[in-house]
Amino acid sequence: MGTAVIARCSFCAKPNTEVETLIGGPGVFICDGCVQLCVTAIDGKPADAPLIAPWEHDLPLEQVLSNLGPVSAASTQVQQNLAAWVAKARALGGTWSQIGEALGMTRQSAWERFA
Ligand SMILES: [Zn+2]
């Protein structure tokens, strides 16, 4: 466990300081506890289980409302992560044109969003 909060698990929101391992993906993270939950879910999953978007399930309003904060927090972390990666590209000499191209936007749009 580190001493500084660098990132939070995108699934349970625990910071790196409170988990054994935090694995990073493209702007997202998952902790060892959530990986274990995933392994259990995968092992117990019926072979013909349909894939349904989480918000398409039959849920009560309270559960939907309680999910909004965590989804928003995960989105905020992704946006902060993207800004940090763009700053890293700039520090390495990347031009706004290169960054815009990588993001599928114009040089001007990239500059307006991240400068
Ligand atoms: Zn987690």
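A residue is called buried here when its relative accessible area is under 20%, and at 16% Asn81 therefore falls in that class. With that cut-off in hand, here is a short tour of close-up views of this predicted model.

**View 1. Asn81 sits in helix H2.** We start with the residue just introduced. Asn81 counts as buried because its relative accessibility is 16%. Leaving out residues up to four places away in sequence, its partners are Gly27 and Phe29. Phe29 belongs to strand E2, which covers residues 29–31.

**View 2. Gln77 is another resident of helix H2.** The relative accessible area of Gln77 is 13%, so this residue is buried too. Look for the polar side-chain atom of Gln77 that lies 2.8 Å from the backbone nitrogen of Arg8. Which residues does Gln77 touch beyond its neighbours within four places in sequence? They are Ala7, Arg8, Ser10 and Phe29. Phe29 is thus a contact of Gln77 and also of Asn81.

**View 3. Val28 occupies the loop between strands E1 and E2.** Here the picture turns toward the surface: Val28 is partly exposed, because its relative accessibility is 34%. Once neighbours within four places in sequence are set aside, Val28 contacts Ser10, Ile23 and Val78. Ser10 also appears among the contacts of Gln77. For a sense of scale, you can trace from Val28 to Asp48: the two are 20 residues apart along the chain, and their C-alpha atoms are separated by 28 Å.

**View 4. Ala13 has a positive phi in the segment before strand E1.** The strand that follows this segment spans residues 22–24. The phi angle of Ala13 is near 70°, a positive value in a residue other than glycine. Is Ala13 buried or partly exposed? It is partly exposed, because its relative accessibility is 39%.

**View 5. Cys34 lies in helix H1 and touches two other cysteines, Cys9 and Cys12.** Phe11 completes the list of contacts for Cys34, again not counting residues up to four places away in sequence. Cys34 is buried because its relative accessibility is 9%. The C-alpha atom of Cys34 is 9.5 Å from that of Ser10, and these two residues are 24 residues apart along the chain.

**View 6. Phe114 belongs to helix H4, residues 107–114.** Phe114 counts as buried because its relative accessibility is 17%. What does Phe114 touch, not counting residues up to four places away in sequence? Its contacts are Leu82, Ala83, Val86, Trp96 and Leu103. One of these, Ala83, is 31 residues away along the chain, yet the C-alpha atoms of Phe114 and Ala83 are separated by 6.4 Å.

**View 7. A nonpolar patch on the surface is formed by Leu59, Leu61, Val64, Leu65 and Leu68.** Together these side chains belong to residues with about 440 Å² of accessible area. Leu59 is found in the loop between helix H1 (32–44) and helix H2 (61–91). Leu59 is partly exposed because its relative accessibility is 34%.

**View 8. The domain assignment gives domain 1 (1–51) and domain 2 (85–115).** To close, step back from the single residues. The C-alpha centres of domain 1 and domain 2 lie 30 Å apart.

Conventions
Residues are numbered from 1 along each chain as its sequence is written. This is a predicted model: local features need pLDDT of at least 70, side-chain atom pairs count only at pLDDT 80 or more; totals for chains, interfaces and linings use all residues. Side-chain values use heavy atoms; hydrogens and water are left out. Patches are made of residues with over 30% relative accessible area and no salt bridge: like charges are joined within 9 Å, nonpolar side chains (Val, Leu, Ile, Met, Phe, Trp, Tyr) within 5 Å. Accessible areas come from the Shrake-Rupley method with a 1.4 Å probe; for residues, only the protein chains shown count as cover. A salt bridge is a side-chain nitrogen of Lys or Arg within 4 Å of a carboxyl oxygen of Asp or Glu. Helices (H or I, at least four residues) and strands (E, at least two) are DSSP runs, numbered from the N terminus. Buried means under 20% relative accessible area, exposed over 50%, partly exposed in between (1.4 Å probe, protein chains only). A polar contact is a pair of N or O atoms within 3.5 Å; within protein, one must be able to donate a hydrogen and the other to accept it, and residues adjacent in sequence count only if both atoms are side-chain atoms. Contact means heavy atoms within 4.5 Å. Domain bounds come from an automatic or database domain assignment.
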